[in-house]
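Please look through the sequence and the model shown here before reading my comments, and keep both at hand while you do.

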Amino acid sequence: MAALPTVYNYYTAGGITAGLSAAQNYFTLNNKNITLHSGALHYYRVPQQYWRDRLRKMRAAGLNTVETYVPWNLHEPEIGTYDFGNGGSDMQEFLNLETFLKTAQEEDLLAIVRPGPYICAEWEFGGFPSWLLREKDQEVRTSNPSFMKHVTRYFNVLLPILAAFQFTLGGPIISFQVENEYGALKLWPVFDTDKVYLEQLRQLFLKNGIVELLVTSDNAILHGIGGTLTEHFLHTANFADSADEQFDRLNELQPNKPTMAMEFWTGWYDHWGATHNVRSNEQFERVLDSILKYPASVNMYMFHGGTSFGFLNGANQLVSLGDTNFMYAPQTTSYDYDAPLSERGDYTEKYHIAKRLISKYSKVQFKTPEMPKVTPTTAYTNITITEQLRFEQVAELVSEKFNYASPVAMEMLPINNGSGQSYGYIVYKKTGLDIPANSELKISGYVWDSVIVLIDGKLVSKQLTGPHDLNGFGYWRLENGKLNLGGMNRTNATLELVVENWGRNNFGFSYQFKQFKGLWQCDVYINSDVISNWEVMPLQFKRKWTNSLSGWQSPDFSIVGPSLYKATFTVDNPEDTFLDMRAWTKGIVMINGFVLGRYVTPLGPQQTLYLPAPLQNKGVNEIVVFEQFTPSSQITFSEKPIYHTPRDVIKSKM
């Protein structure tokens, strides 16, 4: 019996003369028929050490293609400064795009790349760098000259890197997506799509040597051809269900072309304060079967979700018009997505369903690897918090401090080589205040996104106890929030407003992308007096700064309010684990200086943080927790993720 060919052996035998073609109602690759069985994996959500494992698991399921987005905000973290794996940013270990593409090809996978510049992806700002907000009159996702100036500079760096990996040049990339779900931007007659912008993007691809098939993707039924150029791009569909209807509509919009689901949603993502999202195995199997039976090509979004490490989760802002922040909904750190491969890369029932259906409908049998063994997880022994830095000590260790008459957005601070502050917290401090008893603090406009209030270092705003608190003072839903400062006369007092960016909107209409963070809309009052002349400082929690912190003291767990807490653990052979944060309240966790992610236990549904082995040291490891309210004396580990729906969310559904 002859040995089965690999995907590359089959499609490159005799030499490469053509790439992926959509010139007929089916795909050909190098003049041979192909049905794309693809899965989404975002390299920047998975430690580089695990790329090969995840890619091999995909190939073992019968997939012949991997799809990924490319996040602009990580690859150009500061204006004109790039990181593709050696740029020195805190995320540098996740960003070697060339290594990812080489590994995909070595694992016998073709590649679809979606470089944006907008990617959505439930990713911070939809992949845009926050420094775009610093320019006046800029309109992202349009032909606006200010925006396109930056896109052009970035694409002239990114696209030559990708061009070298094109299939027709011997690489894995068979197709590029231009923009993303651009038809969803349309809200006629208020907003419409900009076809000049799409043509400008196409020209950038062409001028940078891109010759492979260019595609766009949208919900075909809802958005039609509003987000594409039918004479230049193949239109593909995004959906969770009703595959036949989506494909029938695609065939009406572009007759005699291949049909493909660029995003068949295998699961869904979570928001803080909502229930944990899952999509049933039965629905997954039914829809995937209908896609393959149609017949159509498919990209399963996500096949492996991974994690939005650091502060890089996105958010939705589900409003129709106006600048209200009421329906802002930030996403969780975990991007498990209820996908065929779990957040830590384990097989789920959906994986086995996909493997079975791909085998059933495949017309050519290829060599596939054995399914890799599951990466082990462990629950290390609980460790005790041994050191603390109080917030006033932390503030003293911030070297960059600025004076402003009124509060300003974090993006406008003169830091990071003129790129402003992207992530973390920003502190507004006012000293020398005389505050009479029962005074009222008022923050006009909206808080972007939450604020805690300290007077003389003590917390005076309410602790977070559940989703109902999001309707009150200190959170994004309340306009012109007011807080009673208590029945004490204070003289020469210090007021500190600690504001957190929970993640910028990643999807919506054009006006929803103008999203500064911090206090910037209006003024801050005590009673009827405007408070002016603030000291403003960024709390970015960059690795170098966190690892340099000094002055740690023995912990005092009776303190309610923001503090840093430190613990260490030693391992000979690091293994994947989860941090169980249910005994804590709200904050962020850092492992060896790297921001692992957020925890917000009173909101849920996520209660644990995935800590992969590659982020641990062999030997001593340091965990630092920035807790905003009530700490625990221990760090607890778990072998698996834990989800919890808060009681008041459950009651609201009864």
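The numbered points below take up helix packing, pockets and some backbone details of this predicted model.

1. I would begin with a general remark, which is that a pair of packed helices is described by the angle between their axes and the distance between those axes. With that in mind, please look at helix α5 (residues 145-163) and helix α6 (residues 195-207), which pack at an angle of about 25° with their axes 10 Å apart. Angles under 35 degrees count as roughly parallel, and α5 and α6 are therefore roughly parallel to each other. Their crossing is right-handed.

2. The residues that bring α5 and α6 together can be picked out in the sequence: from α5 they are F147, M148, V151, T152, F155, N156 and L159, and they meet Y197, Q200, L201, L204 and F205 in α6. Sorted by class, the residues of this contact are nine nonpolar and three polar, with no charged ones.

3. A second helix pair consists of α9 (residues 281-293) and α10 (residues 349-361), whose axes come within 10 Å and cross at roughly 20°. That angle makes α9 roughly parallel to α10, and the crossing of these two helices is right-handed.

4. Which residues of α9 and α10 meet? On the α9 side they are N281, F284, E285, L288, D289, L292 and K293, while α10 contributes E349, K350, I353, A354, R356, L357, I358, K360 and Y361. Divided by class, the residues of the contact of α9 with α10 are eight nonpolar, one polar and seven charged.

5. Helix α9 also packs with helix α8 (residues 243-253), and here the axes come within 9 Å and cross at roughly 35°. In this contact A243, D244 and F247 in α8 meet V287, S290 and I291 in α9, a set that holds four nonpolar residues, one polar and one charged.

6. Turning to the pockets, the largest one has a volume of about 890 Å³. It is lined by 36 residues, of which D90, N416, Y423, Q540 and K542 are the closest to its centre. The elements that give two or more residues to this lining are α3 (72-75), β26 (534-539), α12 (543-548) and β30 (594-600). By class, the lining of the largest pocket divides into 17 nonpolar, 13 polar and six charged residues.

7. The second largest pocket holds about 760 Å³ of space, and of its 31 lining residues T35, H37, Y361, S362 and K363 lie nearest the centre. Two or more residues of the lining come from each of α1 (7-12), α2 (51-60) and α10, and α10 gives the largest share, four residues. The classes in this lining are 16 nonpolar, 12 polar and three charged. A student may like to note that Y361 also appears among the residues of α10 that meet α9.

8. Two peptide bonds deserve a careful look, and the earlier of them in the sequence joins G116 and P117 in the cis form, with omega about 20°. P117 sits in the loop between β6 (110-114) and α5. The bond from Y301 to M302 is cis as well, with omega near -5°, and M302 belongs to strand β11 (residues 297-304).

9. Finally, where does N30 lie? This residue is in the loop between β2 (28-29) and β3 (32-33), and N30 has a positive phi of about 55° although it is not a glycine.

Key:
Residues numbered from 1 in each chain as written. Predicted model: local features only at pLDDT ≥ 70, side-chain atom pairs only at ≥ 80, totals over all residues. Heavy atoms only, no water. Axes fitted to C-alpha atoms, helices over the stretch in contact; angles between N-to-C directions. Parallel < 35°, antiparallel > 145°, perpendicular 65-115°, else oblique. Left-handed = near helix turned anticlockwise from the far one by under 90°. Contact = heavy atoms within 4.5 Å. Nonpolar A, V, L, I, M, F, W, Y, C, P; charged D, E, K, R; others polar. 1 Å grid on protein atoms, 1.4 Å probe; cavity = no way out; pocket = protein on both sides within 12 Å on 5 of 7 lines; lining within 4 Å. Points joined across faces, edges and corners; volume = space filled by probe spheres on them.
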